[in-house]
Amino acid sequence: MEKAEAPRALKRFTDTYNKAYRELDPSLAGQVETGPLEAMTAADLKAQHANRPGGNPKFPALELTGARYRIPKQVGWPKFFVADTNSNRDDNRWLFVFTRDSADEPWKAAYLSILSQDEVPDLATDKDGWARPVAVRGPAPRLAVRPDRLSTAYTRYLMTGRGEVFADGQSTSGIRATRKKFLRTPKFWTEYIDTAAQGARYAPVGLRTQDGGALVFFASHHRQKQTMAKGFRPNPDAQIKALMTGEAKRAVTLTRISESAVRVPAKDAADPKVVFLNRLEGVTAAKGE
């Protein structure tokens, strides 16, 4: 790709994103988003539109400034690059992964991760300033974990608690600890099913870091069924109700998708554990029973 394409793609994304949230129109988001980011945004816009059919003309526009573009030199398709930006929402860096499957298609944002200023890894570049992409499939690319195995390893860990891939933290041991509290309570019990993201739409992408590891973005799917005890009835909030099919008489099943940014160490690193830098999760569907 030409380096001049990146700022144009970011501007097109921002302009369309703001229009989508003013009009609360999921189809607009689909013009500039794909993958897990589109799944979350489309569901959010659908729910908001159901509760505000006239749109939200006073939506505070998202502004992205100070962009640093991490563009790999790539042969063939698909291609991707990362826009590392400031935002008017907070003091963090917002990292967008843009992907493109062919020269005839527009660049679309597939992942968003929000990192503090000091969490953004130092990415490796070649002598011409191009970022170094990570091969996400095939032979292990000298990393502690192959990027295409992260989603499977993560969802298996959430389901079983077994595995030595991930470091403890809010997105790993923290989630399991929180879930344990809600498995069975006097009012309800909860079942969880986690599954790996499959297919090109949810393909992971990664960039090499200067320490020999990689910054990798990947997605995963999560379902949660909450069944009420006798005498109690579910009371989902307005956002969930707007996405719900069926009637919530005794149980509600929520379908979620998460997108994560992780630091994957080099294969020979002293500590080979994968560390979560950011994880965003959103409800994409709800079913009442």
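This is a conversation about a predicted model, covering its first helix, its cores, its ring pairs and its salt bridges.

Me: Let us start with helix H1. How many residues does H1 have, and how far does it reach?
Reply: Helix H1 covers residues 5-23, which is 19 residues. From its first C-alpha to its last it reaches 27 Å, close to the 27 Å expected at 1.5 Å a residue.

Me: Which residues of H1 are buried?
Reply: The buried residues of H1 are Glu5, Ala6, Ala9, Leu10, Phe13, Thr14, Thr16, Tyr17, Asn18, Ala20 and Tyr21.

Me: And what do the buried residues of H1 pack against?
Reply: They pack against two helices and four strands: helix H2 (26-32), helix H3 (35-51), strand S1 (64-70), strand S2 (79-87), strand S3 (93-100) and strand S4 (108-115).

Me: What happens just after H1?
Reply: Leucine 24 follows there, and this residue takes a positive phi of about 55°.

Me: Now the core. How many residues are in the largest nonpolar core?
Reply: The largest nonpolar core has 27 residues. Those with the most contacts inside this core are Phe13, Leu64, Phe81, Trp94, Phe96 and Phe98. At least two residues come from each of H1, H2, H3, S2, S3 and S4.

Me: Which of them gives the most?
Reply: H1 does, with 7 residues.

Me: Phe13 came up twice. What does phenylalanine 13 touch?
Reply: Leaving out residues up to four places away in sequence, phenylalanine 13 touches Val32, Glu33, Leu64, Phe96, Phe98 and Ala109. There is also a second, separate core of 22 residues, and Val97, Tyr111, Leu123 and Val205 are among its members.

Me: New topic: how many aromatic pairs does a search of the whole structure find?
Reply: The search finds 18 aromatic pairs. In one of them, tyrosine 17 and tyrosine 21 have ring centres 4.9 Å apart and planes at 45°, so the pair is tilted.

Me: Where do tyrosine 17 and tyrosine 21 lie relative to each other in helix H1?
Reply: These two tyrosines are 4 residues apart in helix H1, so about one helical turn separates them. An α-helix has 3.6 residues a turn, so residues three or four places apart point the same way. Both tyrosine 17 and tyrosine 21 are buried.

Me: What about the rings of tyrosine 154 and phenylalanine 218?
Reply: Their centres are 5.9 Å apart and their planes are at 80°, so the pair is edge-to-face. Tyrosine 154 lies in helix H4 (residues 150-160) and phenylalanine 218 in strand S7 (residues 214-228), so the pair ties together parts that are 64 residues apart in sequence. Tyrosine 154 and phenylalanine 218 are both buried.

Me: Which residues do ring pairs link into a cluster?
Reply: The cluster consists of Phe13, Tyr17, Tyr21, Phe59, Tyr69, Phe81, Trp94, Phe96, Phe98 and Trp107.

Me: Which ring does the charged end of lysine 3 sit over?
Reply: It sits over the ring of tryptophan 130, 4.5 Å from the ring's centre. The charged end of lysine 79 likewise sits over a ring, that of tryptophan 77, 4.8 Å from its centre.

Me: On to charges that pair up. How many salt bridges does a search of the whole structure find?
Reply: The search finds 14 salt bridges. One of them joins the side chains of glutamate 5 and arginine 100, at 2.9 Å, N to O. This pair links distant parts of the chain, with glutamate 5 in helix H1 and arginine 100 in strand S3, 95 residues apart.

Me: Are glutamate 5 and arginine 100 buried or exposed?
Reply: Glutamate 5 has a relative accessible area of 16%, so it is buried. Arginine 100 also counts as buried, at 14% relative accessibility. The cut-off for buried is under 20%.

Me: How exposed is the salt bridge of aspartate 128 with lysine 127?
Reply: Aspartate 128 is partly exposed, at 42% relative accessible area, whereas lysine 127 is exposed, at 77%. The closest N and O atoms of this salt bridge are 3.4 Å apart.

Me: And what do arginine 146 and aspartate 148 form?
Reply: Their side chains meet in a salt bridge (2.7 Å, N to O). Arginine 146 is buried, with a relative accessible area of 17%, and aspartate 148 is partly exposed, with 26%.

Me: Which residues are joined into one network by salt bridges that share partners?
Reply: That network contains Arg68, Arg70, Asp84 and Arg93.

Conventions:
Residues numbered from 1 in each chain as written. Predicted model: local features only at pLDDT ≥ 70, side-chain atom pairs only at ≥ 80, totals over all residues. Heavy atoms only, no water. Expected span 1.5 Å × (residues − 1). Buried < 20%, exposed > 50% of the residue type's maximum accessible area, 1.4 Å probe, protein only. Contact = heavy atoms within 4.5 Å. Core = buried A, V, L, I, M, F, W, Y, C linked by side-chain atoms within 4.5 Å. Phe/Tyr/Trp six-rings, centres within 6.5 Å; stacked < 30°, edge-to-face > 60°. Lys NZ or Arg CZ within 6 Å of the ring centre and 35° of its normal. Salt bridge = Lys/Arg side-chain N within 4 Å of Asp/Glu carboxyl O.
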